[in-house]
Amino acid sequence: MARALVHMPAFARRGAVIEIRALIGHPMEIGYRPGADGKVLGRDIIRRFTCRYNGEIVFAAELQQAIAANPYIAFYTRALETGSLEFTWEGDSGFAHAETMPITVTG
Amino acid sequence: MTATKPIDHARRTVLAGLGTLALGLVPVLPAGATPEKMAAAIAAFTGGAVPVPGKMMLEVASLVDNGNTVPITVRVDSPMTASDYVAAIALFNERNPDPGIAVFTLGARAGKADVSTRIRMATSQKLVAVARMGDNSFRMHSADVVVALAACIEGEA
């Protein structure tokens, strides 16, 4: 199970633009490097990252091998209603991870 | 002067053999990205449209110590309203094994067209960020980066 960290405010005023920073532990193996036994290691990367705000996709990213290990993505979204943000990472060999963060919108 | 010796072809054969052997030992590197491949990848993203430089910023250090993690930020000047927003941002390089880096999908709800991540760079090269706006126009900004320690070369420790 991968370890993921999501930093974002738990409270926000309605309409405020909030920063979200998402980090996940993953080697992002590029598929071109030789391993300790000299054989080329197979590709193992996270292909897609998605952020849903109460079910609606507000941000998505298609990643390739040029994204560094332990992918870090920072982006912004508008706080519109109280609810939760769901973050999902999907990758090679069936990799999948999800995190959910609550947000309370006031005003 | 004594009579010239017959040319030692055996030595040549051995040398040629060594050359072939050396070629065989060169690690099988993937066909790398080239400026042409990057241009093709950008054209594939824009659907053939030529992106207009300006009104956006690709922020990255001009000298990078370690190519394994290079922090980069892309900002696009946009009010992010329903009529004028950034739909997507794509990042390209010209000398990694593959010309593509990532494609970020945004929308009017993003509030701010500002995305940061960390990338790998195999060598000193040019990076290009292309933004697709809501009206299907394209913008771009590029940056030249010098890399001291390259990524993607050494094997597993």
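**Note on chain B and its contact with chain A**

1. Outside the residues up to four places away in sequence, B:V74 touches B:M56, B:L58, B:I89, B:V115 and B:A129, where contact requires C-beta atoms, placed from the backbone, within 7 Å. The model is predicted: local features need pLDDT of at least 70, side-chain atom pairs count only at pLDDT 80 or more, and totals for chains, interfaces and linings use all residues. Residues are numbered from 1 along each chain as its sequence is written, while chains are lettered from A and ligands numbered from 1 in the order in which they are written.

2. B:V74 also belongs to the largest nonpolar core, which has 61 residues. Such a core is a set of buried Ala, Val, Leu, Ile, Met, Phe, Trp, Tyr and Cys residues joined through C-beta atoms within 7 Å; buried denotes 20 or more other C-beta atoms within 10 Å of a residue's own. B:V74, B:V86, B:I89, B:F92, B:M121, B:V128 and B:A129 touch the most other members.

3. Chain B contains two helices and nine strands, taken as DSSP runs (H or I, at least four residues; E, at least two). Both helices precede the strands. Of the 157 residues in chain B, 37% are buried.

4. The contact between the chains draws 29 residues from chain B and 26 residues from chain A. On chain B, β6 (100-105) and β7 (114-119) each supply at least two of these residues.

5. Strand β5 (residues 56-63) of chain A pairs with β6(B) in the antiparallel sense over four bridges; pairing requires at least two DSSP bridges. In β6(B), B:T105 stands opposite A:A60.

Key: A residue is buried if 20 or more other C-beta atoms lie within 10 Å of its own, exposed if 12 or fewer, and partly exposed in between; C-beta atoms are placed from the backbone. Two residues are in contact if their C-beta atoms, placed from the backbone, lie within 7 Å.
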